[in-house]
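Colleague: I'd like to learn how to read a protein model, feature by feature. Could you walk me through one?

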Amino acid sequence: MTADDFLYSPELLQVDLETSTAKFNPKLTIDNPGEGMKIRPLAREDYDRGYLQLLAELTSVGDISREAWDKRFDEMKACKNTYLITVIEDTELHKIIGATTLVIEKKFIHECGKVGRVEDVVVSNNYRGRQLGKLAVGIMQPLAKKLGCYKVTLNCTDDMVKYYSGLGYKMEEGNANFMCLRL
């Protein structure tokens, strides 16, 4: 694969994971996430590597044709350094087994600052217990910092608050509400 095949430049993943609040035991790194695993940006060909099936373990995906996939991939790629979907690939099976998304939101507040929003964190049921979810989320903090964000946020279900608290995320007093209006 060439750099053009990816949603964002693989060079952006050259971050210092030691600056993340997530800690690993045993130690994992971006270059060594575990035997037979690779961390990289989402690629166009991940349509054929099970990315959508992985997302279906998290939420409803629907029926997405290759044409719809390519169109959305191109739309996201055109918004440079805005949609950073990072995947974990089982290189022996050529299958996507983990993923997370960092969306960069540009603001006028905080001197035209940026906020990173972590979304769609998922690790395949067959690969849980290997710290891969922690690694996927842990990468987002130094990546967001590298891209100039002043904070990183995420929304989660009540039963996941303890997990994300263990990774350094906090419910801010007076600002810990998430509200939603489904359309």
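Colleague: Let me start with the cavity. By class, how many nonpolar, polar and charged residues does the lining of the largest cavity have?

Modeller: Keep in mind as we go that this is a predicted model. The lining of the largest cavity has four nonpolar, four polar and no charged residues. You can find them on screen: Ser20, Thr21, Ala22, Val137, Gly138, Gln141, Leu167 and Tyr169.

Colleague: What volume does the largest cavity have?

Modeller: About 40 Å³. A search of the whole structure finds one cavity of 30 Å³ or more.

Colleague: Now the pockets. What is the volume of the largest pocket, and which residues lie nearest its centre?

Modeller: The largest pocket has a volume of about 1000 Å³. Its lining has 31 residues, and Val152, Thr153, Leu154, Tyr169 and Lys170 lie nearest the centre. Tyr169 is worth a second look, since you met it in the lining of the largest cavity too.

Colleague: Which element gives the most to the lining of the largest pocket?

Modeller: That's β5, with six residues. At least two residues each come from β4, α4, β5 and α5, the last being residues 161–165. By class, the lining of the largest pocket divides into 15 nonpolar, eight polar and eight charged residues.

Colleague: And how would I read the second largest pocket?

Modeller: Go through the same steps. The volume of the second largest pocket is about 780 Å³. There are 27 lining residues, with Leu58, Asp120, Val121, Asn155 and Tyr164 nearest the centre. Here β4 provides the largest share of the lining, seven residues. The classes come out as 14 nonpolar, six polar and seven charged.

Colleague: Let's turn to the core. What is the general idea there?

Modeller: In soluble globular proteins, nonpolar side chains tend to be buried together. In this model, the largest nonpolar core has 47 residues, and Leu42, Tyr51, Leu84, Leu102, Ile139 and Leu143 touch the most other members. Among the elements that each supply at least two residues of this core are β1 (37–41), α2 (66–78), β3 (95–106) and α4 (132–146). The most comes from α4, with eight residues.

Colleague: Take one of those residues. What does Leu143 touch?

Modeller: Leaving out residues up to four places away in sequence, Leu143 touches Tyr8, Leu12, Leu13, Val15, Leu84 and Leu102. Two of those names, Leu84 and Leu102, were also in the list of core residues that touch the most other members.

Colleague: Stepping back, how many helices and strands does the protein have?

Modeller: Five helices and five strands. Along the sequence they follow the pattern β-α-α-β-β-α-β-α-β-α.

Colleague: Why does the radius of gyration agree with a compact globule?

Modeller: You compare the value with what the chain length would give. For 183 residues, a compact globule would come near 16 Å, and this protein has 16 Å, so the two agree. The C-alpha trace spans about 45 × 40 × 30 Å along its principal axes. As for burial, 40% of the 183 residues count as buried. You can also check how the chain folds back on itself: among contacts between residues at least 6 apart in sequence, 67% join residues at least 24 apart.

Colleague: What about the backbone? Where should I look for unusual geometry?

Modeller: Most residues other than glycine have a negative phi, and most peptide bonds are trans. In this model, the bond from Asn25 to Pro26 is cis, with omega near 5 degrees, and Pro26 sits in the segment before β1. His94 has a positive phi, near 55 degrees, and belongs to the loop between β2 and β3. Glu111 has a positive phi as well, about 55 degrees, and lies in helix α3, residues 109–112.

Colleague: Is Glu111 buried or exposed?

Modeller: Exposed, because its relative accessibility is 80% and the cut-off for exposed is over 50%. Glu92 counts as exposed too, because it has 61% relative accessibility.

Colleague: Where is Glu92?

Modeller: In the loop between β2 and β3. For a sense of distance, Glu92 and Ser20 are 72 residues apart in sequence and 28 Å apart in space, C-alpha to C-alpha.

How values were computed
Residues numbered from 1 in each chain as written. Predicted model: local features only at pLDDT ≥ 70, side-chain atom pairs only at ≥ 80, totals over all residues. Heavy atoms only, no water. Core = buried A, V, L, I, M, F, W, Y, C linked by side-chain atoms within 4.5 Å. Buried < 20%, exposed > 50% of the residue type's maximum accessible area, 1.4 Å probe, protein only. Helix = DSSP H or I, 4+ residues; strand = E, 2+ residues; numbered from the N terminus. Contact = heavy atoms within 4.5 Å. 1 Å grid on protein atoms, 1.4 Å probe; cavity = no way out; pocket = protein on both sides within 12 Å on 5 of 7 lines; lining within 4 Å. Points joined across faces, edges and corners; volume = space filled by probe spheres on them. Nonpolar A, V, L, I, M, F, W, Y, C, P; charged D, E, K, R; others polar. Rg over C-alpha atoms; globule rule 2.2 N^0.38 Å.
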